[in-house]
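Please open the model in your viewer and keep the sequence panel beside it, since each stop of this tour begins with a selection.

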Amino acid sequence: MEKEEDDAPLAVELEETVPVQPSSSHAKQLQGEDVSVGVTVITGYLGSGKSTLVNHILSTQHGKRIAVILNEFGEEIGVERAMINEGEDGALVEEWVELDNGCVCCTVKHSLVQALEQLVQMKERLDHILLETTGLANPAPLASVLWLDDQLEAAVKLDSIITVVDAKNLHYQLHELQNSSSFPEAFHQIAFADVIILNKVDLVSSGGSGEALKELENEIHKINSLADIIHSVRCQVDLSKILNCRAYDSKHSGHLEVLLEESKSLSTGDLHDSSVRTLCICESQKVDLDKVRLWVEEILWDKKDGMDVYRCKGILHVRNSDELHTLQAVRELYDIVPARQWRSDENQTNKVVFIGHNLKEDVLIDSFRGCIVTT
């Protein structure tokens, strides 16, 4: 795998006495609006280019106040070499580094929650938080902490999970390493992603017809048909496509509905049942919300019929309600909330997409029908 080497961004030590111009988040606070800071989790297999992505964000003049949290096991990059204080005896770094484009960053040694609490205290200075994970990290536990932690949800919120994949080596990582200990993580990182950056496309498409990239996209969508795919070279991506995605915002249902509509044709029902894949079920009749909750818990918590669900997204047509309800789940955690009024001209129906291992379409469909209102 090629070694990523980037020049270290210019860094200066933060000084508490330096006056700070109000950021957009602070302006919203003054206006009484939602001031929750979005958190984007950046993950990717070793050598995929996620460190290059972080350096791109930290070096770009984007006009945003972005905090970047780096873990201690990440690939060596310029930002880590520029750290003023990396802590002693494994302690959490409490000194932040400010870069010349307005970003701030640190290296987390132990407690992610503690690091976020520090950021919350200075959140009037921030527009967004990026959390870079180690190359072999499963993003699910991080998503669980950030999404539904009662102490954090008012101040920070999970915005999205961004996975960087290596276009040249992806096929090998997914198929040739199936018997290695690191094999599951390549699948997990794709399965949990809201946006996938297909990096190093120049190493695949150079002089070709584009068919190789199309095949890679198909492989990704077989695992996760809900993720947006962005092509890149050295992770030079438009930041507007990876920040403020609002992938977990229950009130931001429009994008979810489009994805669910597209996912019906992308469901990979032709794959072997034991594969990691996407599966979509639909039902037009109204459902009982209490029964749906029990159904979701049986699938997520009891792992009904041996199914292991990584992610779940859906829209529900609920009895005694004129509101569209959204369903989201990460591993054992789930949330069902009303999102908006159903429009008179739209098809009021239930659509639920599962991403996971050993999914059984007939079991999911038959068991969901038990939630239908019959009277």
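A salt bridge is taken here as a side-chain nitrogen of Lys or Arg within 4 Å of a carboxyl oxygen of Asp or Glu. The model you are looking at is predicted, and by this rule the count comes to 11 salt bridges.

Begin by selecting aspartate 308 and lysine 303, whose side chains meet in such a salt bridge at 3.2 Å, N to O. Aspartate 308 counts as buried because its relative accessibility is 19%, where the cut-off for buried is under 20%; lysine 303, at 30% relative accessibility, counts as partly exposed. Extend the selection to Arg331 and Glu332, and you have a network of salt bridges that links these residues with Lys303 and Asp308.

Next, show the sheet, which is open and consists of five strands in the order S10-S14-S11-S12-S13, with antiparallel pairing. Its edge strands, each pairing on one side only, are S10 (276-283) and S13 (333-341), and from one strand to the next the twist averages 10 degrees. If you select S12 (residues 323-330) together with S13, you can follow an antiparallel pairing over eight bridges, in which valine 330 stands opposite leucine 333 of S13.

Now add helix H9 (residues 211-223), which packs on the sheet, touches S10 and S14 (350-357), and runs in a direction that makes about 60 degrees with that of S10. Which residues of H9 are buried? They are Leu213, Leu216, Glu217, Glu219, Ile220 and Ile223, and they lie on the same side of H9 because they cover an arc of only 160 degrees around the axis. Turn the view to the face of H9 that points away from this buried side, and you will find the exposed residues Glu211 and Glu215.

For a further salt bridge, select lysine 200 and aspartate 166, whose side chains meet at 3.4 Å, N to O. Lysine 200 lies in the loop between strand S8 (195-199) and helix H8 (202-205), while aspartate 166 belongs to strand S7 (residues 156-166), so the pair ties together parts that are 34 residues apart in sequence. Both lysine 200 and aspartate 166 are buried.

Finish at glycine 63, in the loop between helix H2 (50-59) and strand S3 (66-71). Is this glycine 63 buried or exposed? With 73% relative accessibility, glycine 63 counts as exposed. Add aspartate 127 to the selection: the C-alpha atoms of glycine 63 and aspartate 127 are separated by 9.8 Å, although the two residues are 64 residues apart along the chain.

Technical notes: Residues numbered from 1 in each chain as written. Predicted model: local features only at pLDDT ≥ 70, side-chain atom pairs only at ≥ 80, totals over all residues. Heavy atoms only, no water. Pairing = 2+ DSSP bridges. Helix = DSSP H or I, 4+ residues; strand = E, 2+ residues; numbered from the N terminus. Axes fitted to C-alpha atoms, helices over the stretch in contact; angles between N-to-C directions. Contact = heavy atoms within 4.5 Å. Buried < 20%, exposed > 50% of the residue type's maximum accessible area, 1.4 Å probe, protein only. Arc of directions from axis to C-beta.
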